[in-house]
Amino acid sequence: MVETRDAEAVIRVRDLAARFDGRTIFERVSFEVRRGEVFVILGGSGCGKSTLLKHMIGLYEPAEGGIEILGERIDRMQGAARTALLRRIGVMWQSGALFGSSTLQENIEVPLEEHTGLPPEARALVARVKLGLVGLSDAAGRLPAEISGGMAKRAGIARAMALDPPILFLDEPSAGLDPITSAGLDALIRQLARDLGTTFVVVTHELQSILAIGDRCIMLDKEARGMIAEGDPRRLREESENPVVRAFFRREVLS
Ligand SMILES: Nc1ncnc2c1ncn2[C@@H]1O[C@H](COP(=O)(O)OP(=O)(O)OP(=O)(O)O)[C@@H](O)[C@H]1O
Ligand SMILES: [Mg+2]
């Protein structure tokens with residue numbers, strides 16, 4: 001955690017509103033993600049975490065507001081410029097989604113094949129390096145069906161890192177994992193942030209994870225239809241006056 005208050009913002013979300021068929025999921029959402037930090041988006045099921053992530057990577061068009069990634073307005077870009085910007089971010093979806101009929105090694109080579117002019121030997125080498133980073137060197141030749149859920153999550157991260165993106169988005173990386181595997185994944189995320197300087201945007205509602213990996217976070221709330229907290233999760237746990245935020249961080253039942 002080498003961040004200071006003045007660290008450069010690599011993502012800026014301004015007054016963002018998300019609506020589907022006239023129904024507001026959230027509005028007036030504004031925050032910045034700084035270079036090299038692990039930034040957590042948290043909140044209960046259905047509050048719009050995945051929706052926010054999809055806006056941030058340009059999959060959904062904002063009903064209001066805008067999103068700047070690495071200095072560019074992703075919500076206004078099209079064509080080749082948009083593709084070039086998207087190449088600079090890596091995404092691991094909630095569902096994981098490795099290609100089932102390809103080995104882990106091949107899974108990681110896919111984005112390299114699509115987006116780089118690297119020859120096959122170089123692609124294979126890069127894929128092996130990425131698998132090594134997430135501790136899967138020995139599983140390179142296995143199919144997704146032949147590995148555990150925790151290994152599949154790590155393989156998903158390795159694939160998201162294939163093109164060396166400065167920003168990685170992870171949607172619920174530890175969902176469905178046992179506590180020990182989940183803690184291992186948290187340690188991996190922290191290690192990658194520290195060693196590679198990668199900026200992470202992680203969606204989760206697991207308190208242990210948030211406290212273990214998050215430099216800063218925002219909390220969304222379904223009833224409030226927007227942000228109800230922003231800051232260092234450990235400080236929010238100690239200091240927040242908002243009853244919903246307190247209830248979440250202290251595992252209290254809302255009265
Ligand atoms: N493409 C869409 N069209 C219509 N409604 C949508 C769409 N995407 C999301 N929603 C709605 O937006 C709300 C927020 O969904 P979202 O998936 O962002 O929640 P979440 O916070 O990620 O929940 P979870 O923790 O369960 O993953 C839900 O009510 C969902 O039905
Ligand atoms: Mg979600």
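Okay, let's start with a term: the radius of gyration here is taken over C-alpha atoms, and the rule for a globule is 2.2 Å times the number of residues to the power 0.38. Why bring that up? With 255 residues, that rule puts a compact globule near 18 Å, and our chain has 18 Å, so the two agree. One thing to keep in mind throughout: this is a predicted model.

So, the overall picture. The C-alpha atoms fill a box of roughly 55 × 45 × 40 Å along the principal axes. Inside that box we have nine helices and ten strands. Of the 255 residues, 39% count as buried. And if you take the contacts with a separation of 6 or more, 64% of them are between residues 24 or more positions apart.

Let's look at the sheet with β1 in it. Quick reminder from the textbook: strands of a sheet pair through backbone hydrogen bonds, either parallel or antiparallel. This one is an open sheet of four strands, in the order β2-β1-β4-β5, and the pairing is antiparallel. Which strands stand at the edges? Those are β2, residues 23–34, and β5, residues 72–73; each has a single partner strand, so one side of each is left without a neighbour in the sheet. Then there's helix α1, which packs on this sheet and touches β1 (9–20), β2 and β4, with its direction at about 120 degrees to that of β1.

Now let's go pair by pair. β1 and β2 are antiparallel over eight bridges, and Phe20 sits opposite Arg23 in β2. These two strands form a hairpin with two residues between them, and Asp21 there takes a positive phi near 50 degrees. At the other end of the strand order, β4 (residues 64–69) pairs with β5, also in the antiparallel sense, over two bridges. If you want to find that on screen, look for Ile69, whose bridge partner in β5 is Glu72.

While we're on phi: most residues other than glycine have a negative phi. Asp15 doesn't follow that; its phi is positive, about 50 degrees, and it is not a glycine. Asp15 lies in strand β1. Is Asp15 buried or exposed? It's exposed, because there are 12 other C-beta atoms within 10 Å, and 12 or fewer is the cut-off for that label. Leu70 has a positive phi too, near 50 degrees, and you'll find Leu70 in the loop between β4 and β5. Leu70 has 16 C-beta neighbours inside 10 Å, so it counts as partly exposed.

For contrast, here's a parallel pair. Strand β6, residues 89–92, pairs with β7, residues 167–171, in the parallel sense over four bridges. Met92 stands opposite Leu170 in β7. Both faces of β6 are covered: Ile89 and Val91 are buried on one side, Gly90 and Met92 on the other.

On to the ligand. What surrounds ligand 1? The residues are Phe20, Ile25, Gly43, Ser45, Gly46, Cys47, Gly48, Lys49, Ser50, Thr51 and His205. By type, that shell divides into three nonpolar, seven polar and one charged. The largest share, three residues, comes from helix α1, residues 49–56. That's the helix we just saw packing on the sheet, and Phe20, from the β1–β2 pairing, is in the shell as well.

Next, Lys222, which is in the loop between β9 (216–221) and β10 (226–231). Leaving out residues up to four places away in sequence, Lys222 touches Gly44, Gly46 and Cys47. Two of those names should ring a bell: Gly46 and Cys47 are in the ligand shell. The C-alpha atoms of Lys222 and Gly43 are 8.2 Å apart, although 179 residues separate them along the chain. Lys222 is partly exposed, because it has 15 other C-beta atoms within 10 Å.

Last stop, Leu188, in helix α6, residues 179–196. Its C-beta has 18 others within 10 Å, so Leu188 is partly exposed. Again leaving out residues up to four places away in sequence, Leu188 touches Val134 and Arg154. Gly150 is 38 residues from Leu188 along the chain, and their C-alpha atoms are separated by 12 Å.

That's my tour, thanks!

Technical notes. Residues numbered from 1 in each chain as written. Chains lettered and ligands numbered in written order. Predicted model: local features only at pLDDT ≥ 70, side-chain atom pairs only at ≥ 80, totals over all residues. Near = placed C-beta within 6 Å. Nonpolar A, V, L, I, M, F, W, Y, C, P; charged D, E, K, R; others polar. Buried ≥ 20, exposed ≤ 12 C-beta atoms within 10 Å, placed from the backbone. Contact = placed C-beta atoms within 7 Å. Pairing = 2+ DSSP bridges. Axes fitted to C-alpha atoms, helices over the stretch in contact; angles between N-to-C directions.
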